[in-house]
Amino acid sequence: MTKRVAILISGGGSNMVSLVDSMTGDHPARPVLVLSNRPGAGGLDKAAARGVPTAVVDHRPFGGDRAAFEAALQTGLAMARPDILCLAGFMRVLTPDFTNAWAGRMLNIHPSLLPKYRGLHTHQRAIEAGDAEAGCTVHEVTAELDDGPILGQARVPIRPGDTAETLAARVLVQEHALYPAVLRRFAAGDRTPIFLP
Ligand code: GRF
């Protein structure tokens with residue numbers, strides 16, 4: 001049975017594009033919705049250009065009322081009847097109520113080699129720590145931020161003179177390889193982690 005995948009974005013959606021473009025042929029999943037919390041997110045046009053239905057649930061009118069925002073999110077998602085949620089550059093922190101409702105069915109990609117550097121500014125922190133390498137992690141989303149079971153990682157070297165921007169660009173290339181590979185395996189019911197290279 002083909003799994004129905006909804007992808008949540010906040011920005012350009014380059015990871016969303018990689019995921020959507022990967023779900024073809026004998027892939028066990030298909031994209032059914034791209035939802036953004038920001039009306040102007042560049043990823044919305046990219047999704048529409050690929051024939052994927054889109055939706056916007058603007059978080060701003062809800063202020064700090066996360067429960068109300070997430071109720072609206074659930075309503076927006078329900079129409080697409082997704083089996084799996086992929087967070088892809090989605091920049092809102094979700095409450096345990098939401099993450100528990102999707103436990104075991106929600107993935108996220110984070111731009112560090114978790115458990116190192118949960119949260120923001122991951123590349124700058126790795127450079128400042130003098131790390132030899134950086135990378136990205138796809139994990140199941142749980143109530144703890146950037147903390148769920150790891151489903152895949154990709155590593156890249158940190159080079160002399162790297163800035164957060166040059167490192168982010170190198171890691172992003174690996175994100176676009178890792179996330180589709182993990183989703184394909186996950187949609188087939190296989191949680192064996194993938195490590196690149
Ligand atoms: C990426 O670095 C991703 O790791 C993080 O958000 C950034 C932008 O992602 N979650 P995208 O280009 O919007 O997919």
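Is Ser 10 buried or exposed? That was my opening lookup, and a reminder to myself goes with it: I am working on a predicted model. Ser 10 comes out as buried, at 6% relative accessibility, because the cut-off for buried is under 20%.

**Entry 1: around Ser 10**

I placed Ser 10 in the loop between β1 (3-9) and α1. Then I checked for a partner far along the chain and found Gly 89, which is 79 residues away in sequence. The C-alpha atoms of Ser 10 and Gly 89 are separated by 5.9 Å. I noted Gly 89 for the next entry too, since Gly 89 is among the residues that surround the ligand.

**Entry 2: the ligand and its shell**

Where does the ligand sit? I found it in the largest pocket. I listed the residues around the ligand as Gly 12, Gly 13, Ser 14, Asn 15, Gly 89, Ile 109, Pro 111, Leu 172 and Glu 175. Sorting that shell by type gave me three nonpolar residues, five polar ones and one charged. I also asked which helices contribute: α1 (14-22) and α6 (164-187) each supply at least two residues of the shell.

Next I went through polar contacts to the ligand, one protein residue at a time.

- For Ser 14, I read 2.6 Å between a polar side-chain atom and an oxygen atom of the ligand.
- For Glu 175, an N or O atom of the side chain is 2.9 Å from a ligand oxygen atom.
- For Ile 109, the partner is a polar backbone atom, 3.3 Å from a nitrogen atom of the ligand.

I then looked up how much of the ligand the protein covers. Taken alone, the ligand exposes 360 Å², and the protein buries 78% of that.

**Entry 3: the loop between β5 and α5**

I spent some time on this stretch, between β5 (106-110) and α5 (122-128), where I had spotted Pro 115. How are Leu 114 and Pro 115 joined? The link is a cis peptide bond, with omega at about 10°. I flagged the bond because most peptide bonds are trans.

Tyr 117 lies in the loop between β5 and α5 as well, and its phi is positive, about 60°, although Tyr 117 is not a glycine. His 121 is also placed in that loop, and here too I read a positive phi in a residue other than glycine, near 50°. Both went into my notes because most residues other than glycine have a negative phi.

Are Tyr 117 and His 121 buried or exposed? Tyr 117 is buried, with a relative accessible area of 17%. His 121 is exposed, with a relative accessible area of 62%.

**Entry 4: a second cis bond**

I went looking for another cis peptide bond and found one between Leu 196 and Pro 197, with omega at about -5°. I located Pro 197 in the segment after β8 (194-196).

**Entry 5: three valines**

I closed the session with three valines, checking place, cover and a sequence-distant partner for each.

Val 17 lies in helix α1. With a relative accessible area of 14%, Val 17 is buried. I measured off its partner Lys 46 on the model: 29 residues apart in sequence, with 7.1 Å from C-alpha to C-alpha.

Val 57 is in the loop between β3 (54-56) and α3 (66-78). Its relative accessible area is 9%, so I logged Val 57 as buried. Pro 39 is 18 residues from Val 57 in sequence, and their C-alpha atoms are 7.7 Å apart in space.

Val 93 sits in the loop between β4 (84-87) and α4 (96-101). How does Val 93 count at 46% relative accessibility? I put it down as partly exposed, because that label covers values between 20% and 50%. From Val 93 to Arg 66 I read 8.8 Å between C-alpha atoms, with their positions 27 residues apart in sequence.

Definitions and conventions. Residues are numbered from 1 along each chain as its sequence is written. This is a predicted model: local features need pLDDT of at least 70, side-chain atom pairs count only at pLDDT 80 or more; totals for chains, interfaces and linings use all residues. Side-chain values use heavy atoms; hydrogens and water are left out. A residue is near a molecule or strand if one of its heavy atoms lies within 4 Å of it. A polar contact is a pair of N or O atoms within 3.5 Å; within protein, one must be able to donate a hydrogen and the other to accept it, and residues adjacent in sequence count only if both atoms are side-chain atoms. Accessible areas come from the Shrake-Rupley method with a 1.4 Å probe; for residues, only the protein chains shown count as cover. On a 1 Å grid over the protein atoms alone, a cavity is a set of points where a 1.4 Å probe fits but cannot get out, and a pocket is an open set with protein on both sides within 12 Å along at least five of seven lines; lining residues have an atom within 4 Å of a point. A molecule sits in a cavity or pocket if more than half of its atoms lie within 2 Å of its grid points. Helices (H or I, at least four residues) and strands (E, at least two) are DSSP runs, numbered from the N terminus. Ala, Val, Leu, Ile, Met, Phe, Trp, Tyr, Cys and Pro count as nonpolar, Asp, Glu, Lys and Arg as charged, and the others, Gly among them, as polar. Buried means under 20% relative accessible area, exposed over 50%, partly exposed in between (1.4 Å probe, protein chains only).
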